[in-house]
Amino acid sequence: MRDLTGKLAVVTGAGRGIGQAIALELAARGARLAICDLHDPCETAAAIGPDTITGTFDVSDREAQEKFFAGLPRVDILVNNAGMSIRKPLIDLEVADVARVWNVLMWGAFHTCQLAARRMIAQGDGGAIVNITSVLAHVPWANSSPYNGAKAALNQMSRTWALELAPHRIRVNALEPGWTDTPGERAFSTEEELREGGAKLPLGRLARPEEIAKGVAFLVSSDASYVTGTVMQVDGGVSLIE
Ligand SMILES: NC(=O)c1ccc[n+]([C@@H]2O[C@H](COP(=O)([O-])OP(=O)(O)OC[C@H]3O[C@@H](n4cnc5c(N)ncnc54)[C@H](O)[C@@H]3O)[C@@H](O)[C@H]2O)c1
């Protein structure tokens with residue numbers, strides 16, 4: 001179980017929700033964690049332990065990212081999880097809405113993946129990167145076009161980076177969660193909507209963040225040593241019906 005002992009794992013957006021569950025899961029498997037979030041991820045850090053490294057910044061801020069990575073002793077694992085959405089139909093979207101979503105989901109992922117990959121290459125020990133995307137990369141959920149498009153782009157960037165980084169033994173995979181019960185999701189839906197929506201899914205309920213974290217733990221572990229360039233769904237079967 002403590003198969004990640006000796007590894008340094010970076011998790012973005014680890015202050016709550018899926019990112020928090022991922023950080024806790026990787027820590028339980030022995031990794032040392034370096035976590036960051038827009039808001040101080042102190043609650044997650046306290047739950048993991050005192051050797052947790054924390055950063056509070058916007059992932060789309062290149063300078064802040066460079067400073068964070070420069071302060072890390074090493075980087076073996078990156079889980080690029082930070083994300084948000086602005087849900088409006090095409091005709092109501094402001095340019096600033098689209099720019100914000102793309103800055104966080106695409107530039108944020110670019111900065112973290114590039115900086116992590118450069119460190120991994122310099123170390124010469126390989127590495128594992130997981131980009132958290134979404135089933136909305138291929139399910140055209142209405143009023144969510146900037147998010148849907150950015151997640152589709154990140155799937156394809158992940159596959160491209162997997163090919164580029166394979167000679168360095170750095171594996172890159174994307175993981176698409178289905179509908180997951182998180183604070184972020186609760187900002188968009190009432191309890192009743194979550195229950196009724198969940199009942200319509202093949203497995204009859206929303207995912208728990210811990211279930212997404214188990215999928216990530218597999219992808220970064222040595223059990224997945226021959227897995228790169230995949231887009232793995234942990235979605236309760238929603239891709240089968242949408
Ligand atoms: N919950 C779902 O149903 C669902 C489904 C598919 C994919 N996802 C993806 O999973 C990831 C986590 O989602 P969640 O539901 O846990 O969301 P959440 O809102 O509950 O948590 C997201 C965390 O990321 C942080 N964050 C947001 N923007 C940031 C930025 N610019 N810089 C740094 N940190 C930032 C937030 O502060 C928050 O702590 C996201 O990439 C999301 O798109 C979620």
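**Entry 1: what packs on α4**

I began with what covers the buried residues of α4: the list includes β1 (8-12), α3 (62-70), β4 (77-80), β5 (127-132), α5 (145-165) and β6 (170-177). Note to self: this is a predicted model.

Next I looked up which residues of α4 are buried. They are V101, V104, L105, G108, A109, H111, T112, C113, L115, A116, A117 and M120.

**Entry 2: the geometry of α4**

I checked the span of α4. The helix has 29 residues and reaches 40 Å from its first C-alpha to its last, close to the 42 Å expected at 1.5 Å a residue. Where does α4 bend? I found the bend at N103, about 35°. Then I looked just past the helix: α4 is followed by G124, and the phi of G124 is positive, near 75°.

**Entry 3: the core**

I pulled up the largest nonpolar core, which has 63 residues; A9, V11, L26, L33 and V216 touch the most other members. Helix α4 (residues 95-123) gives the most to this core, with 9 residues. I jotted down the general rule here too: nonpolar side chains tend to be buried together in soluble globular proteins.

I picked L33 for a contact list. Neighbours within four places in sequence aside, L33 is in contact with A9, V11, A23, L26, A27, I48 and T52.

**Entry 4: the sheet**

I traced the strand order. The sheet is open, with 7 strands in the order β3-β2-β1-β4-β5-β6-β7, and the pairing is parallel. Which strands stand at the edges? They are β3 (53-56) and β7 (231-234); each has a single partner strand, so one side of each is left without a neighbour in the sheet. I noted the twist as well, which averages 15° from one strand to the next.

I zoomed in on β4 and β5, which run parallel and are joined by 4 bridges. I followed I77 across to β5, where its bridge partner is A128. Then I turned to α5, which lies across β5, β6 and β7 and runs at about 165° to β6.

**Entry 5: W179**

I finished on a tryptophan, W179, in the loop between β6 and α6 (183-186). Is W179 buried or exposed? I have it down as buried, because 22 other C-beta atoms lie within 10 Å and the cut-off is 20 or more. Leaving out neighbours within four places in sequence, I get contacts from W179 to G197, G198, L201, L206, A207 and V238. I also took one long span: W179 and A45 are 134 residues apart in sequence and 26 Å apart in space, C-alpha to C-alpha.

Notes:
Residues are numbered from 1 along each chain as its sequence is written. This is a predicted model: local features need pLDDT of at least 70, side-chain atom pairs count only at pLDDT 80 or more; totals for chains, interfaces and linings use all residues. A nonpolar core is a set of buried Ala, Val, Leu, Ile, Met, Phe, Trp, Tyr and Cys residues joined through C-beta atoms within 7 Å. A residue is buried if 20 or more other C-beta atoms lie within 10 Å of its own, exposed if 12 or fewer, and partly exposed in between; C-beta atoms are placed from the backbone. Helices (H or I, at least four residues) and strands (E, at least two) are DSSP runs, numbered from the N terminus. Two residues are in contact if their C-beta atoms, placed from the backbone, lie within 7 Å. The expected span of a helix is 1.5 Å times one less than its number of residues. The bend at a residue is the angle between axes fitted to the seven residues ending there and the seven starting there. Two strands pair if DSSP finds at least two bridges between them. Axes are lines fitted to C-alpha atoms, for helices over the stretch in contact, and angles run from 0 to 180 degrees between N-to-C directions.
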